[in-house]
Amino acid sequence: MAGSQTGFDGFVLGMDLGTTSVKVVLLEAQSKTVTESRSFTTNADISRSTHTHAKEQDPALIIAALDQCMDALPKDKLKKVKCVGVCGQMHGIMLWKSNSGCEWQSKDGITTFSPKDVSQLITWQDGRCGTDFLSALPKPDSHLSVATGFGCATVFWFMKNRPEFLSGFSDAGTIQDYVVSMLCSLDKCVMTGQNAASWGYFNTAANQWNTHILKDAGFPVHLLPVLVDSGHVAGQTSCEWYGIPAHTAVGAALGDFQCSVYSCMTDRGQAVLNMSTSAQLTFRMPAEFTPTSSPDPLSPIAYFPYFDGSYLAVAASLNGGNVMATFVRMLDSWMKEFGLEVSESRIYSQLIHSALAQPNTDLTVTSTLLGERHDPSSSASVSQISSSNLSLGHVTRAVCRGIIENLATMMPPQSLRAAGVHCIIGSGSALSCNAVLQQEVERVFPFSVVYGKDVDSAVGVAMVISDQT
């Protein structure tokens, strides 16, 4: 997809900078097998903010989790890394000062970097751009709508509400673009179409920013990254890093979603359902497909750029594992009010156990707790409540069913069938560890469903850069 494989000895490092964790893998270049894998949570959320709906993370804590992962990999294998692939959470934005965005240090023979002169990471979950604010923005020359949490929308918000915040920085990108920039000591951030499309105001057909539209609106276009093709090399490591030699090729950062699909989709008859913090259901469009020239803000289906000019049809829901996580936190807070301490892992385990013993329910939970990009005003609700369906099993079953049925309203089973889909590959941490969600997938979508297949963004980005190098 992203190029032809020439083959080389050694290893490929793949890293995924996610919303809740960082994962790195070492891929044996010739066999494409994963020989090492490490993952650490970031705990990077910033709780204090001047805005109620802000969702921000501390880049230093994300890099600290990356350091933990790298430090846990075998040093003898890191010395044999021939190229590095980086992907991560899309839509979000962080800013930094060119040439002083990090500080390099060496300790015990290991060279690392830490953020310096950077902003917080404003994530894809950020909700400060309300419906009225978004409707007042200029219309993009793109098939993709602009939503809250998108990089360009966030910059517009700061232009209006805190213009002084932007003046202190010269570069901007996603968290994964930042890491690539620092590893390669780039003078200017580079960005692939996958991440650019996730920011908004990007025309995928022309592979260009909507520069004139943004300029006319007073947007600081000097912050926009330089565009490169997805799957191409951004530069080389400027120095040794955890034993990886200097001058090692580093791929331009990719979207975590596209990389997760790349790691597993081998047949056009396959769809991928990935559920971690949020949820995405996708299939690959025919090679000749081109999206419409203007966005349909009411459509639940978006077309994400993939590789080699192709697109993925995506139902990208804001409501996935985070809904279950909110449910667990609610129960935890209730029990603490009674003076009881129960670990969240035990709560999860009991919820799933109770719901498995309750195979059906007439309780209805609408799970759009965070709204949806095509319907930001939607909210969650509970209906059909009776005295006989208030057990833990009933409620958990209804929550899980609501999550999956919401996806089915966005991308109905009949549309999958019309596209030639005959199999769904289920993946993601929220889905893989929740048998109740799996049962609901199989109930709602009448296809063969495969679990346990390697669906992994870190593996996918390593495969992409390996195929390209």
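This tour moves through a predicted model, from its nonpolar cores to an enclosed helix, a buried serine, the salt bridges and a surface patch.

**The largest nonpolar core**

Begin by selecting M275, L281, L416 and F445, the residues that touch the most other members of the largest nonpolar core, which has 44 residues in total. To see where this core draws its residues from, colour the strands β19 (270–275), β20 (279–284) and β22 (311–317), together with the helices α10 (321–337), α11 (344–356), α12 (392–410), α14 (429–432) and α15 (435–444); each of these elements supplies at least two residues. Helix α12 gives the most, with eight residues.

Now centre the view on F445. Setting aside residues up to four places away in sequence, F445 touches L281, I404, L407, A408, M411, P413, L416 and I424. Two of these partners, L281 and L416, are also among the residues with the most contacts to other core members. In soluble globular proteins, nonpolar side chains tend to be buried together.

**A second core and helix α6**

Next, select I62, I63, I175 and V190. These residues belong to another core, of 43 residues, which lies apart from the one containing F445.

I175 leads to the next stop, helix α6, which spans residues 175–184. How many residues of this helix are buried? The count is 10 of the 10, so α6 is largely enclosed by the rest of the structure. The buried set includes polar and charged side chains such as Q176, D177 and S181, alongside I175, Y178, V179, V180, M182, L183 and C184. Step past the end of the helix to S185, which follows α6 and has a positive phi, near 50°.

**S457 in helix α16**

Select S457, which lies in helix α16 (residues 457–468). Is this residue buried or exposed? S457 has a relative accessible area of 11%, under the 20% limit, and is therefore buried. Display its side chain and the backbone of D256: the S457 side chain reaches the backbone oxygen of D256 at 2.7 Å. Beyond its neighbours within four places in sequence, S457 is in contact with D16, C87, D256, C259 and S260.

**Salt bridges**

The whole structure contains 13 salt bridges. Three pairs are visited here.

- Select E36 and R38, whose closest N and O atoms are 3.2 Å apart. E36 is buried, with a relative accessible area of 14%, whereas R38 is partly exposed at 24%.
- Select K75 and D71, whose side chains meet at 3.9 Å, N to O. Both ends are partly exposed, K75 with a relative accessible area of 30% and D71 with 46%.
- Select R397 and E440, whose side chains meet at 2.8 Å, N to O. This pair links distant parts of the chain, with R397 in helix α12 and E440 in helix α15, 43 residues apart. Both residues are buried.

Keep the last pair on screen and add R401, E405 and R443: salt bridges that share partners join these residues with R397 and E440 into one network. Helices α12 and α15, which hold R397 and E440, also each supply residues to the largest nonpolar core.

**A nonpolar surface patch**

Finally, switch to a surface representation and select V382, I385 and L390. Together they form a nonpolar patch with about 300 Å² of accessible area. I385 lies in the loop between β24 (381–383) and α12. With a relative accessible area of 52%, I385 is exposed.

Terms used. Residues numbered from 1 in each chain as written. Predicted model: local features only at pLDDT ≥ 70, side-chain atom pairs only at ≥ 80, totals over all residues. Heavy atoms only, no water. Core = buried A, V, L, I, M, F, W, Y, C linked by side-chain atoms within 4.5 Å. Buried < 20%, exposed > 50% of the residue type's maximum accessible area, 1.4 Å probe, protein only. Helix = DSSP H or I, 4+ residues; strand = E, 2+ residues; numbered from the N terminus. Contact = heavy atoms within 4.5 Å. Polar contact = N/O pair within 3.5 Å; in protein donor to acceptor, adjacent residues only side chain to side chain. Salt bridge = Lys/Arg side-chain N within 4 Å of Asp/Glu carboxyl O. Patch = residues over 30% accessible without salt bridge, like charges linked within 9 Å, V, L, I, M, F, W, Y side chains within 5 Å. Areas by Shrake-Rupley, 256 points an atom, 1.4 Å probe, with all protein chains shown as cover.
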